[in-house]
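Welcome to this guided tour. Open your viewer, get ready to select residues by number, and follow along one stop at a time.

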Amino acid sequence: MKPQEQGYLLLCCTLGQKDAEPLRLSELRALRRKMHETEPPKRDRELRPEDLLKLGYPEQTAQRIVSLLQRQALLQAYLSELSCKGITPVTCVSSAYPARLKKLGDEAPAVLFAKGDVSLLQKRAIALVGSRDLRPDNAVFAATVGAQAAQAGFALVSGNASGADRAAQEAALIAGGTVISFVADRLEKCRAEKNIVYLSEDGTNVAFSTFRALRRNAFIHALAETTYVAQCAYGHGGTWAGARQNLDHGYSPVFVFQDDTEGPKRLCELGAVAVDTPEIK
């Protein structure tokens, strides 16, 4: 692992420490800009709090940054532990990092933790999102998206939740395809499988939270060339929030299964395209 990648891990990850306060990607980028604009400390010594004070950081923030960088021994132990669990950290300066996620700017994940075949992150991808409590016709649509993505050579991107996500992922794998699955629960719980890579932003043993689920929705939409919505409630829920965010920011074109309910109709008013059946080529 290159020194720059190790720096991202030190500064942007908890490394399993519950009391750690890692930097957000926006904070890290601000630090890099400040470092480039001023004379850096000599290469033969580590960064010190006084160096950061000269850059305009308050004393508490300067000490926080230095403390994060002083965790080299913890980092090596953490990387060894990840290796034993079959998990690979992929920083945003790694060649394995998906280029399409960089369109998220400061909201892009600084580090992804991957369990499975990391090379799948370089494949062209189609996303499928939707509700957990899936109606029969909507379930057929989700599975059709998964199967067609596989047949057309795309990876299927989803969120590993029950309902639409699982229907599409299972159909893609049955059709001989590949799956990229962003999880909002403990990555360690995911069982390594052929042709699927599980991804987590916040480490390997972080419990489910609504915040994490909403964050990963943006990653799913951004990684895909096209996003399909199998079922969506109007005005609430993660599927609605993720689709609205995509339509507001233009991460990927949104196609929604037209099931004559309010959610798809409103998404179409915002720029989504209604479809009866997917046509992935």
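Before we count anything, a word on terms: helices and strands here are DSSP runs, with at least four residues for a helix and at least two for a strand, numbered from the N terminus. Keep in mind, too, that this is a predicted model.

**Stop 1: the whole chain**

Show the full protein chain as a cartoon. The secondary structure consists of 10 helices and nine strands. The radius of gyration is 20 Å, close to the 19 Å that the globule rule gives for 281 residues, so the chain is as compact as a globular protein of that length. If you draw a box along the principal axes, the C-alpha atoms fill roughly 65 × 40 × 30 Å.

Now switch on the surface. About 13,800 Å² of the protein chain is accessible, and carbon and sulfur atoms make up 49% of that area. Of the 281 residues, 48% count as buried; the cut-off for buried is under 20% relative accessible area. Among contacts with a separation of 6 or more, 65% join residues that are 24 or more positions apart.

Try colouring by charge as well. You should find 35 positive and 32 negative side chains, and the centres of these two sets lie 3 Å apart.

**Stop 2: helix α1**

Select residues 3–12, which form helix α1. Is this helix largely enclosed or not? Seven of its 10 residues are buried, so α1 is largely enclosed by the rest of the structure. To see them, pick E5, G7, Y8, L9, L10, L11 and C12.

What do these buried residues pack against? Show α2 (25–37), α4 (59–69) and α5 (72–84), then add the strands β1 (87–91) and β2 (111–116): the buried residues of α1 pack against each of these elements.

**Stop 3: helix α7**

Move on to residues 164–174, helix α7. Colour its buried residues, A164, D165, A168, Q169, A171 and A172. Then turn the view until you look down the axis: the buried residues fall within an arc of 165°, so they line one face of the helix. Their packing partners are β3 (125–129), α6 (136–151), β4 (155–158), β5 and β6.

Zoom in on A164, which lies in this helix. A164 counts as buried because its relative accessibility is 0%, and the cut-off is under 20%. Leaving aside residues up to four places away in sequence, A164 touches L128, V129, G130, S131, L134, A142 and A230. For a distance exercise, try G153: this residue is 11 residues from A164 along the chain, and their C-alpha atoms are separated by 20 Å.

Before leaving, look at what follows α7. There you will find G176, with a positive phi near 85°.

**Stop 4: F182 in strand β5**

Select residues 178–182 to see strand β5, where F182 is found. Is F182 buried or exposed? With a relative accessible area of 1%, F182 is buried.

Show the neighbours of F182 as sticks. Apart from residues up to four places away in sequence, F182 touches L101, L112, V157, S158, G159, N160, L199, R216, F219, I220 and L223. S95 makes another distance exercise: 87 residues separate F182 and S95 along the chain, and their C-alpha atoms are 19 Å apart.

**Stop 5: a loop residue, N195**

Go next to the loop between β5 and β6 (196–200), the place of N195. N195 has a positive phi of about 70° although it is not a glycine. At 31% relative accessibility, N195 counts as partly exposed.

**Stop 6: D260 and helix α10**

Now find D260 in the loop between β8 and α10. The phi of D260 is also positive, near 65°, in a residue other than glycine. D260 is exposed, with a relative accessible area of 62%.

From this loop, step along to residues 262–269, helix α10, and highlight the buried residues G263, P264 and L267. They cover an arc of only 95° around the axis, which puts them on the same side of α10. Bring in α9 (238–249) and β8 (254–257) to see what these buried residues pack against.

Finish the tour just after α10, at G271, which takes a positive phi of about 125°.

Conventions: Residues are numbered from 1 along each chain as its sequence is written. This is a predicted model: local features need pLDDT of at least 70, side-chain atom pairs count only at pLDDT 80 or more; totals for chains, interfaces and linings use all residues. Side-chain values use heavy atoms; hydrogens and water are left out. The radius of gyration is taken over C-alpha atoms; the globule rule is 2.2 Å times the number of residues to the power 0.38. Buried means under 20% relative accessible area, exposed over 50%, partly exposed in between (1.4 Å probe, protein chains only). Contact means heavy atoms within 4.5 Å. Accessible areas come from the Shrake-Rupley method with a 1.4 Å probe; for residues, only the protein chains shown count as cover. Lys and Arg count as positive and Asp and Glu as negative; His and the chain ends are not counted. The place of a charge is taken as NZ of Lys, CZ of Arg, CG of Asp or CD of Glu. The arc is that of the directions from the helix axis to the C-beta atoms.
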